[in-house]
Amino acid sequence: MLGDREHWTNRLGFILAAAGSAVGLGNIWRFPYVTGVNGGAAFIVIYLITIIIIGYPMMVTEMALGKKTQKNPVGAFKAMAPNSPWWLVGALGVFTGFVILSYYSVVAGWSLAYIFRALAGFAPDMDFVSIFYTTIGVDIGEGPNIISPLIWHLIFMALTVGIIAAGVVKGIQRWVKILMPILLILLLILVVRAVTLPGASAGLAFYLSPDFSEVTGRTFLDAIAQSFFTLSLGMGAILTYGSYLSKETTIGDNGGWVVGLDTGIAIIAGFAIFPAVFALGMEPGAGPGLTFITLPAVFAELPGGTFFGFLFFLLLSIAALTSAISLLEVVTAWLVDEKGWARSRAAILMGVIIFLVGIPPSLGYNVLGGFSFLGMDVLDTYDWFANALFLPIGGLLTAIFVGYVWQAKKAQEFANDPPGSIRIGDWYGFLIKYIVPLAIIVVLIAGLIDTFGG
Ligand code: PHE
């Protein structure tokens, strides 16, 4: 019995929603700069391996838990292991969604602001660092711009709440069916522009010829952390979307589509960015500033740069929005299922609280500029807790739960019913019981040593 829970009305609904969750700032902002600082193609090779042996099995695992229980993360663990503390893993997921969305929305707000910056036109003699700083609110001598980043953060949260309040089918599914095709078209236009620039080949060479001398232990850690974040794993977003799957949907195939689309789009985003960066003689290893400082400088030099800059930040904002809705959906589904709240009430109230929790990371560049946690500003601190702690811990406990409590064998049988063209074989149990937990434990410990020990 599926009861009166809403369900995706067709297979494409789930694939686009889950791919929309996966494809976000992680693909277009984070992936290129992580690749840039880790030496290009060599990183991609390692990343692809982690996606296959960790990302895909975790995707299948979360989809299966959601589809089986038809519940939000807390309810799902309660249903699978009644009267045990396992529900706390779900609770950690809901909390993580809350934290990630609060600063994700701040960065997405910068992206919205940049759409208008780009329309006004970037000029070669502009000081891009200062454009970035005024957009995010850093005081560069004319007094800090406190209000505008907060307003963009608010607008972005309001859009997210609007979609979630409208429901799974009428909100999420309806919007991803409109936004995901637009995202793909924008990305393709930008790739064609970038790779046909004179001088693009240096960027292609950097991106396509692996230099394994740049590979260190850090590269592996970055690859694993990136796979969790980019695939929306470890906090119940995929579990929650999986809970709106109906019985006849195949898990192996749909999971394959989501992982494939996310990975494909991240790699394609690299093709839009590196050739352009190199063609204009700029640095690929700029780190987090690659998107907001290096690229606007690229658009300033590029013929038609106003137009392409506009398209790029529109793309980035759309990608962020389809991810943000999945984060808010986790929190909303928990209140609706467990506390019996009306959906719109849950979405609005949580949206307001998440907006408020997002104020400190936004103010971290002016009023709270003195804040430092191990040298990180407020936004990086939130991000560190989410990515270095909550997502890996959530993923680890979920893998252990499904591997040993539900039992990998049973999860495997469930995932193969109905069977699709990708069969979940015995390799699944091996990966979920041993390889995934081991890899996450290594990442967790190394990450902590890196942060506190060094
Ligand atoms: N996957 C999203 C991205 O790449 C971020 C995200 C993480 C979304 C966790 C939902 C849950 O930007």
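This passage describes the ligand site, the enclosed and open spaces, and two backbone features of a predicted model. Local features were considered only at pLDDT of at least 70 and side-chain atom pairs only at pLDDT 80 or more, whereas totals for chains, interfaces and linings use all residues. Residues are numbered from 1 along each chain as its sequence is written, and side-chain values use heavy atoms, with hydrogens and water left out.

The ligand is surrounded by 14 residues, a residue being counted as near if one of its heavy atoms lies within 4 Å of the molecule. The closest of these residues are A22, G26, Y104, F229 and S232. Polar contacts, defined as pairs of N or O atoms within 3.5 Å, are found at both oxygen and nitrogen atoms of the ligand. A polar backbone atom of G26 lies 2.8 Å from a ligand oxygen, and a polar side-chain atom of N27 is placed 3.5 Å from an oxygen atom of the ligand. A nitrogen atom of the ligand, in turn, is 3.1 Å from a backbone N or O atom of T230. Of the 320 Å² that the ligand exposes when taken alone, the protein buries 100%, as computed by the Shrake-Rupley method with a 1.4 Å probe. Two or more residues of the shell come from each of α1 (11–22), α2 (25–37), α10 (217–230) and α14 (305–339), where helices are DSSP runs of H or I of at least four residues, numbered from the N terminus. The shell comprises six nonpolar, eight polar and no charged residues, with Gly counted as polar, Tyr and Cys among the nonpolar residues, and Asp, Glu, Lys and Arg as charged.

Cavities and pockets were located on a 1 Å grid over the protein atoms alone: a cavity is a set of points where a 1.4 Å probe fits but cannot get out, a pocket is an open set with protein on both sides within 12 Å along at least five of seven lines, and lining residues have an atom within 4 Å of a point. Volumes are the space filled by probe spheres set on the points, which are joined across faces, edges and corners. Four cavities of 30 Å³ or more were counted. The largest, with a volume of about 150 Å³, is the space taken by the ligand, a molecule being assigned to a cavity if more than half of its atoms lie within 2 Å of its grid points. Its lining consists of 17 residues, with S21, Y104, F229, S232 and L327 closest to the centre, and at least two lining residues are supplied by each of α1, α2, α5 (87–120), α10 and α14.

The second largest cavity, of about 100 Å³, has 13 lining residues, and L190, A194, A272, A276 and F299 lie nearest its centre. Its lining draws two or more residues from each of α8 (168–195), α12 (251–279), α13 (289–301) and α14, and is made up of twelve nonpolar residues, no polar residues and one charged residue.

The largest pocket holds about 990 Å³ of space and is lined by 34 residues, among which R30, Y33, R218, D380 and D383 lie nearest its centre. The largest share of this lining, seven residues, is provided by α17, and the lining as a whole contains 22 nonpolar, five polar and seven charged residues.

Two backbone features were also noted. Most residues other than glycine have a negative phi, and most peptide bonds are trans. N83, in the loop between α4 (73–80) and α5, has a positive phi near 55 degrees. D417 and P418 are joined by a cis peptide bond, with omega about 0 degrees, and P418 lies in the loop between α17 and α18.

Note on methods: Polar contact = N/O pair within 3.5 Å; in protein donor to acceptor, adjacent residues only side chain to side chain.
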